Amino acid sequence: MRKIYSFIAGLLFVSCSTVPQLESSSIDEVISHMTNEEKVKLLVGTGMAGREENTDEAIVGEARGIVPGAGAVTYPIERLGISTMVLGDGPAGLRISPTRENDSATYYCTHFPIGTTLASTWNQELVEQVGECIGNEVLEYGVDVLLAPALNIHRNPLCGRNFEYYSEDPLVSGKIASAYVKGVQSNGVGTSIKHFAANSQETNRKNNNAIISERALREIYLKGFEIAVKEAKPWTVMSSYNYINGVYASENKWLLTDVLRDEWGFDGAVMTDWFGGLDVVAQMDAGNDMIEPGSNKQLRELAAAVDSGKVSMDIIDRNVKRVLELIMKTPRFNGYKYSNKPDLKAHAAVTRQSATEGMVLLKNDKGVLPLAAGIKNVALFGCTSYDFIAGGTGSGDVHHAYVVSLLEGLKNAGYSVDASMEKKYEAYLKAEKARLDSLKQSSTDPMAAYLPVERPGEMLFSLVELQSMVASNDVALITLGRSSGEFADRTQADFNLSEKEKNLIESVCSTFHAAGKKVIIVLNISGVIETQSWKNKPDAILCSWMGGQEGGNSVADILSGKANPSGKLTMTFPIRLQDHLSTANFPVDAKPMVQLGPQSGKHSDEPNVGITRYEEGIYVGYRHFDTHKVPVSYPFGYGLSYTTFSYENMKVVAEGDNYVVTLDVTNSGKVAGKEVVQLYVKAPIGTVKDKPEKELRAFTKTQILEPGQKVTVRLSVSKQDLASFDEESKKWVIEKGDYVFMTGASSQDIRHSVLVSM
């Protein structure tokens, strides 16, 4: 009997010693030794901390605790050398827990500017630098893949997640996303570009059916992703929650295989958005390789489908191979010893610079900015001046160590803020926050915990109080704040100013102007707001967006003249919300629908909630406003500087399959600064009859130009970039005829044009 036991033990030893390891064997060999159970577990995530539906708590609990607060981990298979993979939220910085149980150390991450701010820099090199910093924190905190960037189109100003996104224009979105991806991935960690595709509203996002023409999809909603995939090669793509023309994005083979892989050449892995999709078999067939964060229910469903043959083993093995190829790229698999000590101080300097460069000067009457040397005493109005908003809420938030308010930023820059006002706002904000927190905590609405906390209403001041402030201060600053976040769209009331805000602007402007003193308004906002009705009242308006943790310092840098503003709008500021064509087909003021688990798979026929028809087609943003001659408050591409720039000697030369545009740009003012040069093209009517007035085809940002300095900028456009999508032939068509190439400082500030015949 002892000999039999010895024989069996010997067989087991030989068997174990011949099990292939992922680091030393071919992927195909490793897959051939995987059990069906192991394959399924690799494709279905391990769940989220604290949820009953999680898979194999005993096995993955240790892996899930590697980086507390990370978005998810994949299932480790130690016997085959398959390590776990940690996925972490972005895109304004890594989102992990800042503190840990029985650990006195802190794990804060840098809160960088929101996506809209980064895009408003129009500076791809700077965005890549930001990406490098974020990627370094991802690496040093032990995360393998950052769930960012987000590059959905600003279809309408009210989308709750516009702050995470870049622009109403796909070229800007694609180029900024490419720079971000390159920066992050330069650290040897991955990105997951999201949300693929047409996730342009939060209302009922998991059950909403977006009805979109193929032309609008190709030219507007997919184009940015195409640019990012081809130029930056992200490791992964995240499919979106919504249906597209009746099919969930994560179950859409046309989207994930025909377009993404076969046409664009994407060779990475695709994962779902958290709890996205419904049918695990359809997801596997479509080419959605990873189901995140995963649940026991999904694990059982996929295992049953494998056992019954409902999903083919070829499909399973294909998807497993993609996941293993991804794992093999990760720092964890390659044995990187992360430090948990990224250089947060150095990264704070980068976030301060990037926020400054992304802020947009909307108005500057008679050069009131930068503030004159003699101005030192500031009357600081607005609750947000004392409680600056770093970023939006939801998965796009970052656990930061601090946020510099405008109050602090002004003090750091050497200004004196009215002490009586500071004390009054401090007491008011304390009481208001307590009241609003109490309302949220006592709410019976299950959505309350997930929606942004309501901002305090503005304080109003008597004429006597205002006159006292005028007497003791040199200038007035008013900050208006807007926050937004995941799960819900903004409202019309959020787009428009409240009566208290209007009264504050009116009373401060009239009182200070009567004494010959100036008023400046700062917009610390998550997205576009109404400006037309009040913009004539203040002397200057600075749109600071959400600048991350150094926001107050960045604003002070611009107000003081330490930095010259060079940001430009990546979206249109309309006169009225209704001027956007998409507003007619957007869930304006619809009740938020927060869905935290797998959706029902049912969608109502309620317009813009169950079904949203993108009837505006390609006429999103400036394509609509410029083509249909609709007046705007501020056009796409607009932004002022403390200096001026002249454009001269525009030339267009054909070089192979490209057109190269050169242009001399001169700083014609008295202050050093940077200029964003935008190239638009008007295409002729041909096979495709309906064409916009102009479309952005290239852009660049100059270096810092000293007064009188001239630089020749070079912009390249491929002929293919001039094509329109013909729905009848289902092909991209480059029309024959005359193309008008236009260079300008905004979509409505065209300086030169050249006619090019094809």
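**View 1. The start of helix α6, with Asn123 at its beginning.** In this predicted model, a side-chain oxygen of Asn123 comes to within 3.2 Å of the backbone nitrogen of Glu125. The helix that begins here, α6, covers residues 124-140. It has 17 residues and spans 24 Å from first C-alpha to last, close to the 24 Å expected at 1.5 Å a residue. If you follow the chain to just after α6, you will meet Gly142, which takes a positive phi of about 80°.

**View 2. The surroundings of helix α6.** Twelve of the 17 residues of α6 are buried, so this helix is largely enclosed by the rest of the structure. Among the buried residues are Leu126, Val130, Cys133, Val138 and Leu139, along with Asn136, Glu137 and Glu140. The elements that cover the buried residues of α6 include α5 (115-119), β5 (145-147), α7 and α14 (344-358).

**View 3. Helix α6 packed against helix α7.** Here the two helices meet at an angle of about 40°, and their axes lie 6 Å apart. The crossing of α6 past α7 is right-handed. On the α6 side, the contact is made by Gln124, Val127, Glu128, Gly131, Glu132, Ile134 and Gly135. Their partners on α7 are Lys175, Ile176, Ala179, Tyr180, Lys182, Gly183 and Val184. Sorted by character, the residues of this contact are six nonpolar, four polar and four charged. Val127, Gly131, Ile134 and Gly135 of α6 are also buried.

**View 4. Helix α7 from end to end.** This helix runs over residues 170-185, which makes 16 residues. From its first C-alpha to its last, α7 reaches 22 Å, close to the 22 Å expected at 1.5 Å a residue. At the start of α7, look for Asp169: one of its side-chain oxygens reaches to within 2.9 Å of the backbone nitrogen of Leu171. With 14 of its 16 residues buried, α7 is largely enclosed by the rest of the structure.

**View 5. Lys701 and its neighbours.** Lys701 sits in strand β24, which covers residues 695-701. This lysine is buried, with a relative accessible area of 13%, under the 20% cut-off for that label. Its side chain makes a polar contact of 3.1 Å with the side chain of Glu357, and another, of 2.8 Å, joins Lys701 to the side chain of Ser566. Leaving aside residues up to four places away in sequence, Lys701 touches Thr121, Trp122 and Asn123, as well as Glu357, Ser566, Gly567, Lys674, Glu675 and Val676. Asn123 is a familiar face here, since you met this residue at the start of α6.

Definitions and conventions: Residues are numbered from 1 along each chain as its sequence is written. This is a predicted model: local features need pLDDT of at least 70, side-chain atom pairs count only at pLDDT 80 or more; totals for chains, interfaces and linings use all residues. Side-chain values use heavy atoms; hydrogens and water are left out. Helices (H or I, at least four residues) and strands (E, at least two) are DSSP runs, numbered from the N terminus. The expected span of a helix is 1.5 Å times one less than its number of residues. Buried means under 20% relative accessible area, exposed over 50%, partly exposed in between (1.4 Å probe, protein chains only). A polar contact is a pair of N or O atoms within 3.5 Å; within protein, one must be able to donate a hydrogen and the other to accept it, and residues adjacent in sequence count only if both atoms are side-chain atoms. Axes are lines fitted to C-alpha atoms, for helices over the stretch in contact, and angles run from 0 to 180 degrees between N-to-C directions. A crossing is left-handed if the near helix is turned anticlockwise from the far one by less than a right angle, and right-handed if clockwise. Contact means heavy atoms within 4.5 Å. Ala, Val, Leu, Ile, Met, Phe, Trp, Tyr, Cys and Pro count as nonpolar, Asp, Glu, Lys and Arg as charged, and the others, Gly among them, as polar.
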